[in-house]
Amino acid sequence: MKKINILLALCLSLCLSFSWAQTPKGSVLIKNGTVLTVTNGTYENTDVLIQDGVIKKIGKDLNAPSGVTTVDATGKYVMPGIIDAHSHVALDVVNEATAPIVAEVRMKDVVNPYEIGIYRALAGGVTISHAMHGSANVVGGQNATLKHRWGSSNPEDIIMQDAPRTIKFALGENPTRVHGRGNGIQPRSRMGVEAILRNGFNEALQYKKAWEDFNKAKSQKGSTAVAPEYNERLQTLVDILDGKIIIHCHSYRADEIYMLINVARDFGIDKLVFQHTNEGFKVAPEIAEYTMGASVFADWWAYKFEVYYSTAFNAAILHRNGAITSINSDSAELIRHLYHEAAKTQRYGNLSDDEALSMITINPARQLGIDDKVGSLEEGKHGDVAIFEGHPLSSYAIPQMTFVDGIKYFDINEDQDDQRQQVSPTETVEPILLTEHNHRCMQDTEHLFETASALFQMNQ
Amino acid sequence: MKRINKTFLTFLIALLPMMAMAQIDGEFIKPRTGKFLLQNATVHTITKGVLSGASVLIENGKILQVGSNVSADGAEVIDCSGMVIYPGMIDSGTTLGLAEVSSVAETVDYQEIGNVTPNMQALTAVNPNSEAIPVTRVSGVTTVIAKPSGGLFPGTAALINLVGYTPDQMYAGFKAVAMNFPSSARRGRFDRRSDADIKKDNEKALKDANELMEKAKQYHELSSKGAELEYYPEIAQLAKVISKELPLMIEVNAASDIQNAIKWVKDMDIRVIFSGVKEGWRVADEIAEAGIPVITGPVQDLPSRQSDRYDAAYTNAGKLAKAGVKVALRTNETENVRNLPFHAAFAAAYGMGKEEAWKAVTINPAEIFGLGDQLGSIEAGKVANLIVATEDPFETRSQIMHVFINGYRIPLSNRHIRLYQEFLERSPDLNAN
């Protein structure tokens with residue numbers, strides 16, 4: 001009897017926790033806007049009906065089902081929620097800089113749903129961000145894809161649970177500086193970076209074989225086989241080799257990009273996206289042929305030597321060569337105006353409106369493996385929508401409302417002066433930060449270097 | 001043997017020009033001056049309204065004539081039909097030319113050792129051949145303040161035009177002594193000083209500043225009475241602020257610091273410009289009442305406090321302007337000064353309005369720098385700094401078609417564009433081997 005009670009209680013609590021874990025979904029009818037679907041053209045005076053978090057219908061003169069609120073978007077632009085393929089918003093820590101390979105680390109463990117940066121991103125129309133590990137390691141930790149469901153205190157609620165696994169890699173100056181110069185171990189050069197990768201993957205293959213051998217032996221009658229020691233780091237590398245994880249690699253120079261393409265081809269890896277990729281334009285045909293493309297800055301250059309030979313035409317060259325190209329922020333500031341960053345591809349390369357918008361919607365969705373769910377306004381996709389006053393590619397555009405799964409998380413008319421969810425109980429005077437540490441790729445490696453200001457300059 | 005050598009040599013010398021030619025990959029386009037007529041455009045003069053179907057005549061570096069009935073009179077005619085003409089934009093706070101690659105210390109020249117170095121001249125450290133200069137000017141930014149940073153009095157800032165091969169050719173006629181007003185704010189997340197320590201640091205810095213200004217005053221009084229003074233370059237430079245030869249450009253951002261700075265300068269008979277002024281919106285009326293002009297930006301920036309509205313930095317310039325403050329904009333950038341028009345667009349959209357935003361990157365800084373009769377608008381007699389664009393240059397889709405600086409027609413190329421030309425269709429491409 002007691003046992004049954006305990007079982008019942010267990011069942012109940014399990015059910016409850018399942019229902020808690022379920023993400024909130026809403027319904028809304030957005031009326032009479034200019035609808036920028038990105039993938040299927042632009043429609044004027046058109047409605048978008050979202051029901052239970054999913055886009056139900058896009059068309060003219062739709063009626064709101066009972067209980068569904070209506071938003072008047074007359075004269076406004078309705079576009080898919082913006083997706084940032086490179087962000088560190090809502091992360092308490094960014095780098096586990098203790099070894100050249102730290103594949104076992106998970107950003108899911110350090111997600112902070114209270115960070116005001118989430119709300120500020122929503123105020124820029126951004127509904128999804130790729131919360132990445134930093135660039136201190138050749139193989140960094142596993143990233144988290146976030147949905148900006150602002151207001152929850154549970155980190156689980158802002159993690160996009162059905163997004164595929166991704167992992168951070170980094171080449172060039174950052175890992176060679178941290179490990180070669182900071183810790184006195186490999187890699188100190190781009191040669192060392194390649195060696196770390198090849199050694200790591202070969203060790204992973206040996207590890208995989210050891211387990212396969214064990215599993216084979218185990219099934220034999222009277223087997224006395226002993227299981228190999230479990231190693232999360234190597235298992236994660238095996239998962240990469242098995243195509244279960246998408247690599248997102250911090251990279252700048254063409255030679256290192258080409259190196260990783262060769263390493264990936266040698267190990268049969270095709271789920272590979274380059275991040276930053278400032279010199280991607282020099283190997284655009286190779287990136288287009290062998291990878292899932294590049295996620296780049298619109299115009300950042302010259303802040304460190306490996307980005308000195310950059311061009312703001314990078315995104316346009318990559319795109320014209322057939323590479324999947326997205327534009328990302330890597331910054332708590334830039335994430336607020338990715339629509340404007342995407343618009344720079346019109347100044348630098350004359351991209352069309354749809355081409356420019358695809359760089360912050362469907363293209364990053366493809367690179368994160370979530371393009372079947374988000375990244376365009378299509379029936380059946382998630383109700384992630386941003387409404388703009390003015391065309392989003394105009395420099396004068398102002399985001400008005402942002403919906404995630406049909407729920408409104410930002411409305412310019414309901415914006416309060418203080419949008420924080422939580423104020424630190426120990427805080428008496430609120431700190432004023434003039435040069436907010438926007439760029440956090442190298443956060444948590446400060447102790448390795450002389451001054452924080454030197455670090456600030458090598459951040460990106 | 002000798003003869004063979006001689007013949008061979010003659011042969012070689014004869015071939016030299018051809019061999020040299022083989023190394024040259026096309027004509028190099030240089031900035032060139034002359035007489036130009038920019039014909040039949042919509043001219044946004046900034047100070048004298050918008051003139052449609054108008055032309056601008058340029059000669060000897062100056063604007064000669066603006067209007068609808070301007071004859072070419074031997075000038076090279078540039079058809080600008082369907083296009084807009086604006087004055088070149090002025091970025092009122094940058095480190096352009098003072099740093100080439102920010103993370104490489106050897107290329108960074110905007111910061112000196114020492115807390116009191118007002119005699120450090122940004123103008124001498126500007127690299128006229130910085131790759132960032134041609135990258136900047138094709139965006140329509142023709143003139144910038146190059147400003148040192150660092151200690152209490154980090155050096156002397158200078159206004160430069162983005163054409164020329166020596167600092168003197170680039171100098172646009174304005175300098176200011178820079179000051180970092182003692183700040184109660186934190187320098188960033190890494191700044192882990194206690195509130196008490198920050199207060200202590202502040203009080204000491206302000207005491208130092210007072211003593212230095214007092215010394216400068218004495219120096220000025222003595223030197224103006226013809227006294228023979230010891231070589232004291234720091235104080236000699238500060239004395240130029242006392243004599244009003246140079247204004248003091250005070251970097252101040254937190255609201256309480258702005259209030260303190262207003263108090264600090266109140267009884268000093270000097271020319272003052274505030275820069276930064278990130279929390280200016282909190283005390284906009286007080287700044288307006290003090291009559292101190294403001295250089296603010298970047299506009300595309302995070303709020304200074306977690307509790308601030310997300311658009312605090314976007315709206316700051318507009319709120320200051322509405323309160324009656326004379327506002328100029330800056331990017332505070334090095335290699336991306338080219339984004340000034342976009343910062344101005346954000347200010348315009350978030351409350352400032354297009355007209356005021358244009359003034360904040362043209363005539364306002366010109367007037368703040370005492371150059372209102374030379375720069376910042378399209379008027380006869382002014383320096384020929386102007387841009388021709390397909391449409392509103394604040395929009396990213398607008399293409400800048402012509403740039404004139406100091407009357408020089410600027411070639412619209414730079415490394416970014418050359419890399420585009422080389423790599424859009426790469427040869428060899430993927431399949432060639």
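## A walk through a two-chain model

Let us start where the two chains meet: 53 residues of chain A are in contact with 42 residues of chain B. Keep in mind as you look around that this is a predicted model. On the chain A side of this meeting, the elements that give two or more residues are helix 2 (116-122), helix 8 (284-290), helix 9 (314-320), helix 10 (338-347) and helix 13 (452-457). Helix 10 of chain A provides the largest share, five residues. Sorted by class, the side of chain A that touches chain B has 25 nonpolar, ten polar and 18 charged residues.

Now stay with chain A and look at how it is divided. Domain 1 covers 24-80 + 375-413, while domain 2 covers 82-187 + 244-369 + 430-457. Taken over C-alpha atoms, the centres of these two domains of chain A are 28 Å apart. Their contact takes 20 residues from domain 1 of chain A and 25 residues from domain 2 of chain A. On the domain 1 side, strand 5 (77-80), strand 15 (385-389), strand 16 (398-404) and strand 17 (407-411) of chain A each supply at least two residues. Strand 16 of chain A gives the largest share of that side, three residues. The classes on the side of domain 1 of chain A that touches domain 2 of chain A are 14 nonpolar, five polar and one charged.

Next, turn to chain B. You can find 13 helices and 16 strands in it, and its C-alpha trace spans about 85 × 65 × 60 Å along its principal axes. Chain B has 433 residues, of which 52% count as buried. If you take the contacts in chain B with a separation of 6 or more, 69% of them are between residues 24 or more positions apart.

Two helix pairs in chain B are worth a visit. Two packed helices are described by the angle between their axes and the distance between the axes. For helix 5 (residues 195-224) and helix 6 (residues 233-242) of chain B, the angle is about 80° and the axes are 8 Å apart, which means that helix 5 of chain B is roughly perpendicular to helix 6 of chain B. Among the residues making this contact are Leu212(B), Met213(B) and Tyr219(B) of helix 5, together with Ile235(B), Leu238(B) and Ile242(B) of helix 6. By class, the contact of these two helices of chain B has ten nonpolar, two polar and two charged residues.

The other pair is helix 9 (residues 312-323) and helix 10 (residues 340-352) of chain B, whose axes come within 7 Å and cross at roughly 60°. That makes helix 9 of chain B oblique to helix 10 of chain B, and their crossing is right-handed. Here residues including Tyr314(B), Ala317(B) and Gly318(B) in helix 9 meet residues including Phe346(B), Ala347(B) and Tyr350(B) in helix 10. The residues of this contact in chain B divide into seven nonpolar, three polar and one charged.

Our last stop is a single residue, Ala384(B), in the loop between helix 12 (363-368) and strand 14 (386-389) of chain B. Is Ala384(B) buried or exposed? Ala384(B) is buried, because 26 other C-beta atoms lie within 10 Å, and 20 or more is enough to count as buried. Although Ala384(B) and Ile63(B) are 321 residues apart along the chain, their C-alpha atoms are separated by 5.1 Å. Leaving aside neighbours within four places in sequence, the contacts of Ala384(B) include Ile58(B), Ile63(B), Phe404(B) and Asn406(B).

Notes. Residues numbered from 1 in each chain as written. Chains lettered and ligands numbered in written order. Predicted model: local features only at pLDDT ≥ 70, side-chain atom pairs only at ≥ 80, totals over all residues. Helix = DSSP H or I, 4+ residues; strand = E, 2+ residues; numbered from the N terminus. Buried ≥ 20, exposed ≤ 12 C-beta atoms within 10 Å, placed from the backbone. Contact = placed C-beta atoms within 7 Å. Domains from an automatic or database assignment. Nonpolar A, V, L, I, M, F, W, Y, C, P; charged D, E, K, R; others polar. Axes fitted to C-alpha atoms, helices over the stretch in contact; angles between N-to-C directions. Parallel < 35°, antiparallel > 145°, perpendicular 65-115°, else oblique. Left-handed = near helix turned anticlockwise from the far one by under 90°.
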